Amino acid sequence: MKRPVLPSLSVLLLCAAAAAATAPAPSPSFRNQVIPVLTKVGCNSGACHGAAAGKNGFHLTLRGYDIEADYYTLTRQGAGRRVVKTEPAQSLMLLKPSMAVPHGGGLRLPPGSPEYMVVADWIAAGAPPPSDSDPIIQEIEIQPAQVTLSPGGRQQIRVMASFSDGHAEDVTRWAKYSSGAEAVATVDNDGRVEVRGAGEAAVTAWYLSKVAFSRVSVPAQNRIDPRVFARAPRNNFIDEAVLKKLAVLRIPPSENATDGEFLRRAYLDAAGILPTAEETRRFLADRDTNKRARAIVSLLNRSEFTDYWTYKFADLLSVNRETLTAKGMWSFYNWLRESVQANKPWNQLAREILISSGNSYENGPVNYYRMHRTPEELTETTLEAFLGMRIMCARCHNHPFEKWTQKDYYGVANFFSRLSYKEGAQPGDVTVLVAVRGEINHPRLGRPMPPRPLDGKPLPLESAADRRQVLSDWITSPDNPYFARSFVNRVWANFMGKGLIEPVDDIRATNPAANEELLARLTADFVERNFDLRHLVRTIMSSAAYQRSSRALAENAADETFYSHYILKRLPAEVILDAMSRVTASPERFPGAPLGTRALELPDTKVASYFLDVFGRPKRAITCECERRQEPSIAQALHVLNGATLNRKVSAPGGVVDSFVKAGLPSDMILDHLYLSALSRYPAEKEKQALLTTLDAAES
């Protein structure tokens with residue numbers, strides 16, 4: 001079989017020139033047409049020439065984020081052979097991707113295709129460079145923004161781009177597409193969506209530096225009586241948003257949790273403790289319909305609530321004595337605890353950390369700048385801790401999954417370039433000062449980027465102001481699209497088992513929320529209530545969604561995203577150990593801590609504990625949720641079965657078992673107490689009879 005004869009490059013270029021002569025048209029824009037073509041066909045992807053080191057000596061910036069650098073590379077490097085203005089047909093930019101000459105990346109620009117002709121026309125016009133007068137893309141709109149389809153259904157996506165000169169273009173052909181849930185819906189290279197199964201998928205369109213997504217909802221095929229959703233309890237706006245989503249997807253909600261289930265869940269999630277047997281007994285006997293609301297308010301005012309959230313903030317901010325010394329660690333920890341106890345607004349807490357200066361022993365938040373001393377470390381930690389953004393990829397190259405560039409990264413880094421450190425007489429005694437000069441250079445450009453918040457206005461390099469003040473103003477602003485949203489998402493995940501955005505510290509345009517309406521409402525409410533943690537916690541815990549049973553129905557068993565039932569989750573290592581200690585009435589002994597200190601009262605994770613290490617407590621070396629290991633392991637199972645921790649507590653003198661034996665309590669009372677202490681309920685009759693038989697046999 002003969003290989004088909006392709007028209008010569010010269011003929012194609014002559015045809016293009018002839019067409020241009022009869023219908024004059026502006027030459028293609030390198031910024032707004034050539035770069036999108038290279039992105040669409042994958043030339044500047046991370047797997048090709050957009051890789052950090054490029055491919056075969058040819059390096060483009062990832063997804064074309066540095067237009068000037070790409071223009072220079074294409075027109076000046078490679079001995080000028082990539083773009084040959086005097087003889088366009090000899091340009092490697094056309095020869096290789098069209099396979100006129102061998103190309104390791106295969107066929108990327110089929111001769112005669114619209115993509116091929118954009119590049120050919122641009123070269124034929126003299127390869128004009130990007131210009132300051134080029135229209136700049138403002139946003140893209142994806143249509144439809146939301147659509148409901150049936151299994152097997154199809155939908156063509158349309159993408160419109162708006163530019164700074166006021167014109168708009170249909171860029172459907174030039175956009176890149178991906179699906180966030182391919183088991184639900186896939187999308188091809190031309191924006192055609194095809195449904196695979198029930199659920200919801202975010203179909204993302206990417207054009208130039210802008211991202212938009214269409215939410216594709218695919219209801220289950222079962223029929224649900226509308227009265228199921230109408231009758232479902234609605235305690236606040238959370239339930240309206242959750243039930244609205246469930247109704248669209250035809251996923252029925254589970255029944256309410258029992259009082260015992262609710263109480264146990266609430267204590268563990270809000271304060272990291274189990275209710276005592278007596279607290280549970282009183283709650284179960286209480287007939288007041290408002291008792292759950294009263295229990296929530298009571299929990300918010302307990303010292304254990306303060307301990308729990310101080311520990312979580314210390315995890316987030318990596319408080320540890322290895323970096324800070326014991327004195328610095330205690331200084332930071334005590335400041336955090338006082339802030340949580342006082343219910344200091346989250347934006348105020350963040351601001352006090354970011355603009356802190358002075359002595360690290362005297363001013364707790366200054367220790368933040370002791371743990372992370374370089375502008376790069378501070379950039380990455382600050383954006384991840386306070387905005388839920390992972391920007392570390394942009395340190396070395398443009399971000400592969402987001403729009404942020406190296407210029408963006410080093411613009412933020414220069415907010416931290418004017419800090420100086422004065423060492424004191426004691427080890428770890430450090431004073432942090434604001435310097436009047438100092439810059440960090442962009443590693444490739446060799447010059448500093450003006451300090452600039454992401455998507456914000458730059459601060460002049462010559463400004464003498466404390467740059468961190470400008471940064472903290474932007475980060476903690478009610479208008480910042482990431483700050484409050486990130487914190488709300490973290491708190492939601494703590495109570496609901498899964499963030500509305502997962503992972504919780506990976507917030508980006510290409511990772512949309514499972515329920516955007518709900519996250520937006522929660523965020524707006526949090527901001528309106530002055531960034532109040534306790535108000536946010538009370539709102540979530542008061543919802544019917546939080547108080548729903550974990551027992552799934554046949555119709556919602558597969559749902560782990562939309563909160564049709566409570567999502568089961570592993571308890572943190574510290575909570576498990578404290579629960580064992582409480583149920584057995586045998587406190588854990590931690591080196592250097594008074595007897596009776598709970599794991600959640602420890603100031604950092606450097607206190608020796610084999611149990612806590614095996615069950616995944618973080619080292620607090622980096623700011624990442626991934627540090628805490630929640631996966632089950634053989635070592636955990638063996639330690640619970642055969643290890644010293646639980647066996648020692650069960651047999652401890654003065655412990656619960658020893659006390660029962662000495663008091664001579666009847667077996668049924670012992671069982672009631674243990675069930676109420678550990679499970680916040682009375683044993684079922686079948687459970688009770690089986691265990692009584694076992695106990696009677698042991699006594700005989």
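Start at Cys48. Select it in this predicted model. Cys48 is at 12% relative accessibility, so this residue counts as buried. Now look for its closest cysteine sulfur. That sulfur belongs to Cys43, 5.9 Å away, which is too far for a bond.

Add Cys43 to the selection. Cys43 also counts as buried, because its relative accessibility is 12%. Seen from this end, the closest cysteine sulfur is the one in Cys48. The cut-off for a disulfide is 2.5 Å between sulfurs, so at 5.9 Å Cys43 and Cys48 are not joined.

Where, then, is the disulfide? Select Cys624 and Cys626, which a disulfide joins. The structure holds one such link. Its S to S distance is 2.3 Å. Look along the S-S bond: the angle about it is 130°, and the link is right-handed. A disulfide is a covalent bond between the sulfur atoms of two cysteines.

Is Cys626 buried or exposed? Its relative accessibility is 52%, so Cys626 counts as exposed.

Stay on Cys624. This residue sits in the loop between helix H22 (610-614) and helix H23 (634-642). Show its contacts, skipping neighbours within four places in sequence. Glu384, Arg390 and Asp505 should light up. For a distance check, pick Glu115 as well. C-alpha to C-alpha, Cys624 and Glu115 are 41 Å apart in space, with their positions 509 residues apart in sequence.

Next, select the strands E3, E8 and E7. These three form an open sheet in that order, with antiparallel pairing. Strand E3 (154-156) and strand E7 (185-187) are the edges. Each has a single partner strand, so one side of each is left without a neighbour in the sheet. On average, neighbouring strands here are turned by 20° against each other, direction ignored.

Zoom in on E7 and strand E8 (residues 192-195). Three bridges link E7 and E8 in the antiparallel sense. Pick Ala185, and opposite it in E8 you will find Val195.

Move to helix H20, residues 533-542. Why is H20 described as largely enclosed by the rest of the structure? Eight of its ten residues are buried, so the rest of the structure largely encloses this helix. Color the buried ones: Leu533, Arg534, His535, Leu536, Val537, Thr539, Ile540 and Met541. Then look at the start of H20. There, a side-chain oxygen of Asp532 comes to within 2.9 Å of the backbone nitrogen of Arg534.

Finish with the aromatic rings. The count of aromatic pairs comes to 26. Select Tyr368 and Phe386, one of these pairs. Their ring centres are 6.3 Å apart and their planes meet at 55°, so the pair is tilted. Tyr368 lies in helix H14 (residues 367-371) and Phe386 in helix H15 (residues 375-387), so the pair ties together parts 18 residues apart in sequence. Tyr368 and Phe386 are both buried.

Step on to Tyr369 and select Phe416 with it. Their rings form a tilted aromatic pair too, at 6.4 Å centre to centre and 50° between the planes. Tyr369 lies in H14, while Phe416 lies in the loop between helix H16 (406-413) and strand E12 (419-423), so this pair ties together parts 47 residues apart in sequence. Tyr369 and Phe416 are buried.

Terms used: Residues numbered from 1 in each chain as written. Predicted model: local features only at pLDDT ≥ 70, side-chain atom pairs only at ≥ 80, totals over all residues. Heavy atoms only, no water. Buried < 20%, exposed > 50% of the residue type's maximum accessible area, 1.4 Å probe, protein only. Pairing = 2+ DSSP bridges. Helix = DSSP H or I, 4+ residues; strand = E, 2+ residues; numbered from the N terminus. Axes fitted to C-alpha atoms, helices over the stretch in contact; angles between N-to-C directions. Polar contact = N/O pair within 3.5 Å; in protein donor to acceptor, adjacent residues only side chain to side chain. Contact = heavy atoms within 4.5 Å. Phe/Tyr/Trp six-rings, centres within 6.5 Å; stacked < 30°, edge-to-face > 60°.
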